[in-house]
Amino acid sequence: TAYGTDGAFNAEVHQTGEVWASMLWECYVALLRDTRRLTFEQAQDRMLRYLVAAYKLTPIMPNMVEARDALLAAAIARDPEDFRLFWQAFARRGLG
């Protein structure tokens, strides 16, 4: 592996952002694959609205848990099913 077997040299500039982006992608894919059959445009619009709402709820200098909680709060305020999908998506990436 590029950073050694223990991950001790994981100091790349965007490393945390890449992990966060993969979690957000997992949430977006969950919307696309949901049994409610959202269209691509509907899922895209819904995810965009959740992200903007979450940015408004996120504290300054958040850690991943605080940022996750802001997105989950935005989701549960609009649709409890989306909250469930997002919770499972974060869990698949280790932040459940």
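User: Is Thr-58 buried or exposed here?

Analyst: In this predicted model, Thr-58 is buried, since its relative accessible area is 19% and anything under 20% counts as buried.

User: Where does Thr-58 lie?

Analyst: Thr-58 lies in the loop between α2 and α3, so we are looking at a loop residue that is nevertheless classed as buried.

User: And which residues is Thr-58 in contact with, leaving aside its neighbours in sequence?

Analyst: If we leave aside the neighbours within four places in sequence, Thr-58 is in contact with Ala-67 and Ala-70. You can also look for Leu-71, which is 13 residues from Thr-58 in sequence and 8.2 Å from Thr-58 in space, going from C-alpha to C-alpha.

User: Let's follow Ala-67 then. Where does Ala-67 lie, and what does Ala-67 touch?

Analyst: Ala-67 lies in helix α3, and it is buried, with a relative accessible area of 13%. Not counting residues up to four places away in sequence, Ala-67 touches Trp-20, Thr-58 and Pro-62.

User: How many residues apart in sequence are Ala-67 and Trp-20?

Analyst: Ala-67 and Trp-20 are 47 residues apart in sequence, while their C-alpha atoms are 9.3 Å apart in space. Trp-20 is itself one of the buried residues of α1, and this pair therefore gives you a contact between a buried residue of α1 and a buried residue of α3.

User: Okay, stepping back, how many helices and strands does the chain have?

Analyst: The chain has four helices and zero strands, and from the N terminus on the elements run α-α-α-α. Of the 96 residues in the chain, 34% are buried.

User: What share of the contacts join residues at least 24 apart?

Analyst: That share is 51%, when we consider the contacts in the chain between residues at least 6 apart in sequence.

User: Now the helices themselves: at what angle do α1 and α2 pack?

Analyst: Helix α1, residues 15-33, and helix α2, residues 40-57, pack at an angle of about 140°, with their axes 9 Å apart. The two helices are therefore oblique to each other, and their crossing is right-handed.

User: Which residues make the contact?

Analyst: On the α1 side the contact is made by Leu-24, Cys-27, Tyr-28, Leu-31 and Leu-32, and on the α2 side by Phe-40, Ala-43, Gln-44, Arg-46, Met-47 and Leu-51. Sorted by class, this contact has nine nonpolar, one polar and one charged residues.

User: How about α2 and α3, at what angle do they pack?

Analyst: They pack at an angle of about 125°, with their axes 8 Å apart, and that makes α2 oblique to α3. Here too you can describe the handedness, as α2 passes α3 in a right-handed crossing. The contact is made by residues of α2 including Arg-46, Met-47 and Leu-51, together with residues of α3 including Ala-70, Leu-71 and Ala-74. By class, the contact of α2 with α3 has 11 nonpolar, no polar and two charged residues.

User: Back to α1 for a second, how many residues does it have, and what do its buried residues pack against?

Analyst: Helix α1 has 19 residues and reaches 27 Å from its first C-alpha to its last, which is close to the 27 Å expected at 1.5 Å a residue. The buried residues of α1, among them Trp-20, Leu-24, Cys-27 and Leu-31, pack against α2, α3 and α4.

User: And which residues are buried in α3?

Analyst: In α3, the buried residues are Ala-67, Arg-68, Ala-70, Leu-71, Leu-72, Ala-74 and Ala-75, and what covers them includes α1, α2 and α4. The helix has 15 residues and reaches 22 Å from its first C-alpha to its last, close to the 21 Å expected at 1.5 Å a residue.

User: Last topic, the backbone: what is phi of Arg-37?

Analyst: Phi of Arg-37 is near 60°, a positive value in a residue other than glycine. Arg-37 lies in the loop between α1 and α2, and at 70% relative accessibility it counts as exposed.

User: Where is Met-61 found, and what is its phi?

Analyst: Met-61 is found in the loop between α2 and α3, and it has a positive phi of about 55° although it is not a glycine. At 75% relative accessibility Met-61 counts as exposed, whereas Thr-58, in the loop between α2 and α3, is buried.

Conventions: Residues are numbered from 1 along each chain as its sequence is written. This is a predicted model: local features need pLDDT of at least 70, side-chain atom pairs count only at pLDDT 80 or more; totals for chains, interfaces and linings use all residues. Side-chain values use heavy atoms; hydrogens and water are left out. Axes are lines fitted to C-alpha atoms, for helices over the stretch in contact, and angles run from 0 to 180 degrees between N-to-C directions. Angles under 35 degrees count as roughly parallel, over 145 as roughly antiparallel, 65 to 115 as roughly perpendicular and the rest as oblique. A crossing is left-handed if the near helix is turned anticlockwise from the far one by less than a right angle, and right-handed if clockwise. Contact means heavy atoms within 4.5 Å. Ala, Val, Leu, Ile, Met, Phe, Trp, Tyr, Cys and Pro count as nonpolar, Asp, Glu, Lys and Arg as charged, and the others, Gly among them, as polar. The expected span of a helix is 1.5 Å times one less than its number of residues. Buried means under 20% relative accessible area, exposed over 50%, partly exposed in between (1.4 Å probe, protein chains only).
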